[in-house]
Amino acid sequence: MNPTRTARATSRRTPSRRHAGRAVILGALLAGCGANPGDDAPARNRAPEAVTGKVWQWERTVAPVEMVESPAPDRYTLELAPNGRLLVRADCNRGTGTYRIGAGTIAIGPIATTRMACPPGSLDASYLRDLQRAAAFFVESGNLFIELPVDSGTMRFAPQR
């Protein structure tokens, strides 16, 4: 047998074995992606009715590089009225604005606020900035999550007690 032919025959079989192995791995990964979550996994509600007409308290914002905790959730609130108007409390300031909402999507327009000078360490400016960047939302386990664009963070709110 010619050594050149043997080398070629071997090199032809090797790629097909690699592809077969990759296909098996890819199939297993895809099967895992299609698996149904367990019954104990919380459902995400993206219906506008799940968030409107309630007062929500901001608890934290989780971003890829940091987590910002609300020092006093009752001082950072959001109320989405069913008519497209919103009311906010941002520490020592209060404001109003408009929003548009769809199934899982939200856009918050400019928010007009009072201009009180909040105490040092207030998160009023960053809270208002993030609200106006809102892109999506969902409710899970009774909490509202507002997602910021391009995976830049998620704001978490609890219902006001």
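Visitor: How much area does the protein expose, and what share of it do carbon and sulfur atoms supply?
Guide: This is a predicted model, in which local features need pLDDT of at least 70 and side-chain atom pairs count only at pLDDT 80 or more, while totals for chains, interfaces and linings use all residues. Residues are numbered from 1 along each chain as its sequence is written, and side-chain values use heavy atoms, with hydrogens and water left out. By the Shrake-Rupley method with a 1.4 Å probe, where for residues only the protein chains shown count as cover, the protein exposes about 10,100 Å², of which carbon and sulfur atoms supply 56%.

Visitor: Which cysteines form a disulfide, and is it left-handed or right-handed?
Guide: A disulfide is taken as a pair of cysteine sulfur atoms within 2.5 Å, and the sulfur atoms of C92 and C118 lie 2.0 Å apart. The pair links distant parts of the chain, with C92 in the loop between β4 and β5 (93-102) and C118 in the loop between β6 and α2; helices (H or I, at least four residues) and strands (E, at least two) are DSSP runs, numbered from the N terminus. The torsion about the S-S bond of C92 and C118 is about -100°, so the disulfide is left-handed.

Visitor: Is C118 buried or exposed?
Guide: Buried means under 20% relative accessible area, exposed over 50%, and partly exposed in between, with a 1.4 Å probe and protein chains only. C92, at 25%, is partly exposed, whereas C118 has 17% relative accessibility and therefore counts as buried.
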